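Trainee: I'm new to looking at protein models. Could you walk me through how to read one?

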Amino acid sequence: MVMLNKFKHTQEQWGGSSEVIDHWLETRQSLIVEYCKLAALQPCSTKSALSSLPTPQELQVFCQHLVDYISEGHFKIYDMVMDKWRATGFEATDEINQTYGKIVLTTEPLLNFTDKYAAVSDEDTLNSFDSDMSLIGEIIEVRFEVEDKLIQMIADSLAVPPGA
């Protein structure tokens, strides 16, 4: 799966460079695992098999991971980065703020998905589930790509002391 391969590359590139980035990557990995479970994809398989729809409990678990991931990014990770920057005298650049803004743009469609699926019951037909999951996968991938750019900028900023 492309998402998993990209994650492995990001983890190889940035894992261990900062506790903030490591935490972010661990949270991302958990979300990818839950997405793969829900999408019934085998990470090592090149072809996915059609499967039955997920149970309401499986949907709730994924939606909770998605909300946790979004919350981590907006409230914990960004705050951790800002605290680290303040401690070193660094300030976010326009490029960093614009990149973060692109991440924020993915938040509403992801939360809309959780609003739609977090409280489904066994009686719900989930007619648009496959297309919704596909769209969520695409949005998550876009978010990860933009986050990777932000990780690059964060790592670069933390590696060079201000005024150096």
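Mentor: Let's go from the overall make-up to helix pairs and then to single residues. This is a predicted model, where local features need pLDDT of at least 70, side-chain atom pairs count only at pLDDT 80 or more, and totals for chains, interfaces and linings use all residues. Residues are numbered from 1 along each chain as its sequence is written, and side-chain values use heavy atoms, with hydrogens and water left out.

Trainee: How many helices and strands are there in the protein?

Mentor: Helices (H or I, at least four residues) and strands (E, at least two) are DSSP runs, numbered from the N terminus. Here you get six helices and zero strands. Reading from the N terminus, the order is α-α-α-α-α-α.

Trainee: And what share of the residues count as buried?

Mentor: Buried means under 20% relative accessible area, exposed over 50%, and partly exposed in between (1.4 Å probe, protein chains only). In this protein, 39% of the 164 residues count as buried. Contacts, meaning heavy atoms within 4.5 Å, are worth a look too. Take those between residues at least 6 apart in sequence: 79% of them join residues at least 24 apart.

Trainee: How do I describe two helices that pack together?

Mentor: Two packed helices are described by the angle between their axes and the distance between the axes. The axes are lines fitted to C-alpha atoms, for helices over the stretch in contact, and angles run from 0 to 180 degrees between N-to-C directions. Angles under 35 degrees count as roughly parallel, over 145 as roughly antiparallel, 65 to 115 as roughly perpendicular and the rest as oblique. Try helix H2 (residues 19-38) and helix H3 (residues 56-88): their axes come within 10 Å and cross at roughly 165°. H2 and H3 are therefore roughly antiparallel to each other.

Trainee: Is the crossing of H2 and H3 left-handed or right-handed?

Mentor: A crossing is left-handed if the near helix is turned anticlockwise from the far one by less than a right angle, and right-handed if clockwise. H2 passes H3 in a left-handed crossing. Among the residues that meet there are Trp24, Leu31 and Leu38 in H2 and Leu59, Phe62 and Leu66 in H3. Sorted by class, this contact of H2 with H3 has 13 nonpolar, four polar and five charged residues. For those classes, Ala, Val, Leu, Ile, Met, Phe, Trp, Tyr, Cys and Pro count as nonpolar, Asp, Glu, Lys and Arg as charged, and the others, Gly among them, as polar.

Trainee: At what angle do the axes of H3 and H5 cross?

Mentor: At roughly 150°, with the axes coming within 9 Å. That makes H3 roughly antiparallel to H5, and the crossing is left-handed. In class terms, the contact of H3 with H5 has ten nonpolar, three polar and no charged residues.

Trainee: What about H4 and H5, are they roughly parallel or roughly antiparallel?

Mentor: The axes of helix H4 (residues 94-105) and H5 come within 4 Å and cross at roughly 25°. H4 and H5 are therefore roughly parallel to each other. Ile103, Val104 and Leu105 of H4 make the contact with Thr107, Glu108 and Pro109 of H5.

Trainee: Which residues of H5 are buried?

Mentor: In helix H5 (residues 107-117), they are Thr107, Leu110, Phe113, Thr114 and Tyr117. They cover an arc of only 130° around the axis (taken from the directions from the helix axis to the C-beta atoms), which puts them on the same side of H5. Glu108 and Asp115, on the other side of H5, are exposed.

Trainee: Now a single residue: where is phenylalanine 129 found?

Mentor: Phenylalanine 129 is in helix H6 (residues 129-159), and at 4% relative accessibility it counts as buried. Leaving aside neighbours within four places in sequence, its contacts include Leu38, Leu53 and Phe113. Leucine 53 is in the loop between H2 and H3 and is partly exposed, at 41% relative accessible area. Leucine 53 and phenylalanine 129 are 76 residues apart in sequence and 8.1 Å apart in space, C-alpha to C-alpha.

Trainee: What is phi of leucine 126?

Mentor: Most residues other than glycine have a negative phi, and most peptide bonds are trans. Phi of leucine 126 is near 55°, a positive value. Leucine 126 lies in the loop between H5 and H6 and is buried, with a relative accessible area of 14%.
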